[in-house]
Amino acid sequence: MKKQLPILLFLFSAFAAFAQQPPYGNRQQQGPSIKGKVTGHVIDSVAGAPVEFATLVLKAAGSGKESAGGITDEKGHFKLQDVRNGKYELHISFIGYATKVVPEVELTLEKPDVDLGDIYMASENITLNAVEVTEERALIENRIDKIVFNADQDVTTVGGDAVDVLRKAPLLSVDFDGNVSLRGSQNVQILINGRPSTLFAQNPGEALRSIPADQIKSVEVITTPSAKYDGEGTAGIINIITKKKSVEGFTGSVNSSVGTRINRGGLNLSLASGRFGLNASGSTWLSWPRDGYSEFYREDTRNDTLRILTQDANTRGNSYGPRGSVGAFYDINAYNSLSSSLTFGGFGGNNEGTTDATYEIPLSNLQQIYTRTNDSRSLRGSFDWTTDYRRTFKKEEQELVMAFQWSGAQGNQRNTILQVGNDPRLELDEKNRNDSYNFEYTLQADYVHPLTDAVKLETGAKGVIRRIDSDYQYEAFDQEKQAYLLNTALSDEFFYDQDVYSAYLSFNIKMGENYGLVAGARYEFTDIGGEYASDAASFTNDYGNFLPSIILSRKLKNFSTLKVSYARRIQRPSLFFVNPYTDLNDPRNITVGNPVLSPELTDQYELSYGAFVKGFSINASLFYRFTDDVIQSFLFDVDEAGASRSTFLNIGKNHSYGVNFFTSVTIAKIWTLRGGANIFTFNTERNQNGEQLSNDALLFNGNINSTIDFGKGYKFEMFGFYRAPRQTIQGKNASFSLLSIGFLKEFNKRASLGINITEPFFNYKEFPSELEGEDFYQRSNNAILFRSFGLTFNYRFGKLDFRQQRRRTRIENDDLKEGGGDQF
């Protein structure tokens, strides 16, 4: 590992030295520069009504190079911000109108802000059939390398969390535990504002629940990441963008929600003055104790003898967690800026359960009847501290970013098990714990250089150093000594190092007015080492991967786009999969991690089409995905005592063909409908030591959302979601569906009051699953109290004319397969 560090530091130094130089042939001292804004009001020249959602493109005078863009709001107003001083032309277009060009738009050092006033557009007499449609704002944006879901106008997620938001994003599905799938695959990487969090490495579902929905601005779904993104995430990347607003002066907001299932509260503050700004936020959530029940049945054959295990349990649990962040930025001058942020959070849980079980061997008339009581307590916390230095140049879009991130996570889990039965051998009084520590250190450099007006080069290098520690102990009560004694066979401390060094080169090419190309490649070298505090054997491994990607887009008529793409991705196992801690909460269903897992490699091909016509949007795509060394949970043995053992294995290969689409339309200016569906195949095969296993299935998931804006601040929304059962090579896990209803009233744009209802028709939700092997069959059903009612309140204070700050870090550690699910 140490051999790689000098190489990495040399690359960073070379990037910095190269990028600090002015472009060749333009090395004279550069003059001052400042960014301003262009505002105006677009009006129908005949009706005198505002033109909603017209497309705006600001082009440099003479060269015609695009410098900024946007759309008008529902009142025809627009504001283009962060525009450098210079001379421009403003191009305004919308279906049914002749394109309007406003010449001689000039921003100077003395007058950096320009108000163009009223701008009139003439009709081209194009008639739309059937219904008149419009849209409050662009809920879905289809860009060349991503789909953006603007989530901050959603009524039913108010008072919810990130899980509720992701369930409504295009192409995504989320199960009850918070495990996220992108077009049927859970091999996704989740980022927050373009940066990773070590909290996601162990249980992403719990981490998502700690992020309040009202802090989320948008969700970026990236199915074909370009070379600048880390190679991790074989299905793609999900980037959650939080709200970070600043104005001159002091602003803030408070929000709270109280419900029958969960309660939340939060505070957001922002202070900005000139070139310096601060922002901070804090929130917390607490769920009421929730009841549940479960049923379990397994039969297996050993030495031609049938054995049967049945279990029925009643459970109760609750969870809680805080989240906070603080950030600052400082613009040193027009070309240099610094930004830094610290985010911290955590979650805890308490779960109790009583299980009645029967283990039978009919042939020998053996019948063991016993009762087990479990008490589990868990607490996890994490932090991410990121600092970015950004250097811009006189040449438009030329940029250098140097970034450092320090991330850490700590978790502890405590379990107690008491068991009594009709056989003395069944008696148990045990305690076990698992303390885990995960630290990451990231150094990254990214450089963007426009070679011509049509060709832009992007390149960079990155190093990620991970240090993971898992300390686990088991103790059993000794009746003779009347004390808990350490079980050394099941206790140890595991040290796991994973270092990833990478570099990339990518080109963004405009080929005329209608074609665009993003092509590049990334090389990643991974160095792994693991050892134990005991005398258990240590291990090392290293591998290099070349990861190409290409996206070709073609603009068509009526704001439509056709795209074809290819990408190779990698999925490394995270702590959730490699942790050798043995879960003995159910002594007859044992689970243990696998520290010697290999990474998954995926090749994905995609053809997609997207269109937007005055409030109506649609996106559809066809894809094929091939994955080698698929990681799944695998039940591989039921021993002499009737205890099964499961771990994670590289199962084999998977072929998946699929089609997905989503659409959005607004009818009669007040009613918005949006929805989507994914249909795909699951085809996994395993051939090892002569054992041939396979599983084929046709799966689907989808959602539909209906929003009605009654005016005067009243809004109503209904959301429905369904996801088919997740498949593994040995069977299937539970399907999941959800229905939620929300009502919101806004008061003077400062305060809002809302009501949310989840699953009004079902009090409990059940989650059945089935597994089957050569000599066993197993089924289970878990149920939990689910119906909920909630009341939400939000109040904003201070100046409300916000301007968004583009200060997202460049660090995106998206290279780990996260825990929580087995679905490919």
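**Exercise 1. Determine whether Gln778 is buried or exposed, and describe its surroundings.**

Solution. The relative accessible area of Gln778 is 10%. Buried means under 20% relative accessible area, exposed over 50%, and partly exposed in between (1.4 Å probe, protein chains only). Gln778 is therefore buried. The model is predicted: local features need pLDDT of at least 70, side-chain atom pairs count only at pLDDT 80 or more, and totals for chains, interfaces and linings use all residues. Residues are numbered from 1 along each chain as its sequence is written, and side-chain values use heavy atoms, with hydrogens and water left out.

Next, place the residue: Gln778 belongs to strand 46 (residues 776-785). Helices (H or I, at least four residues) and strands (E, at least two) are DSSP runs, numbered from the N terminus.

Then list the contacts (heavy atoms within 4.5 Å). Leaving aside neighbours within four places in sequence, Gln778 touches Phe296, Tyr297, Arg298, Asn589, Leu635, Ser769, Glu770 and Leu771. With Arg298 there is a side chain to side chain polar contact at 3.3 Å. A polar contact is a pair of N or O atoms within 3.5 Å; within protein, one must be able to donate a hydrogen and the other to accept it, and residues adjacent in sequence count only if both atoms are side-chain atoms.

**Exercise 2. Locate Leu635, a contact of Gln778, in its sheet.**

Solution. The bridge partner of Leu635 is Ser646, in strand 36. Strand 35 (631-638) is an edge strand, as is strand 31 (582-583); each pairs on one side only. Two strands pair if DSSP finds at least two bridges between them. Strands 35 and 36 (residues 644-650) run antiparallel and are joined by seven bridges. Ile631 stands opposite Asn650 of strand 36. The two strands form a hairpin with five residues between them, and Gly642 in the turn has a positive phi of about 85°. The whole open sheet has four strands in the order 31-32-36-35, with mixed pairing.

**Exercise 3. Which residues have the most contacts inside the largest nonpolar core?**

Solution. A nonpolar core is a set of buried Ala, Val, Leu, Ile, Met, Phe, Trp, Tyr and Cys residues joined through side-chain atoms within 4.5 Å. The largest has 25 residues, and those with the most contacts inside it are Leu166, Leu172, Val180, Leu208, Val219 and Ile240. Helix 2 gives this core its largest share, four residues. Another core, of 21 residues, lies apart from it and includes Val42, Phe78, Leu80 and Val114.
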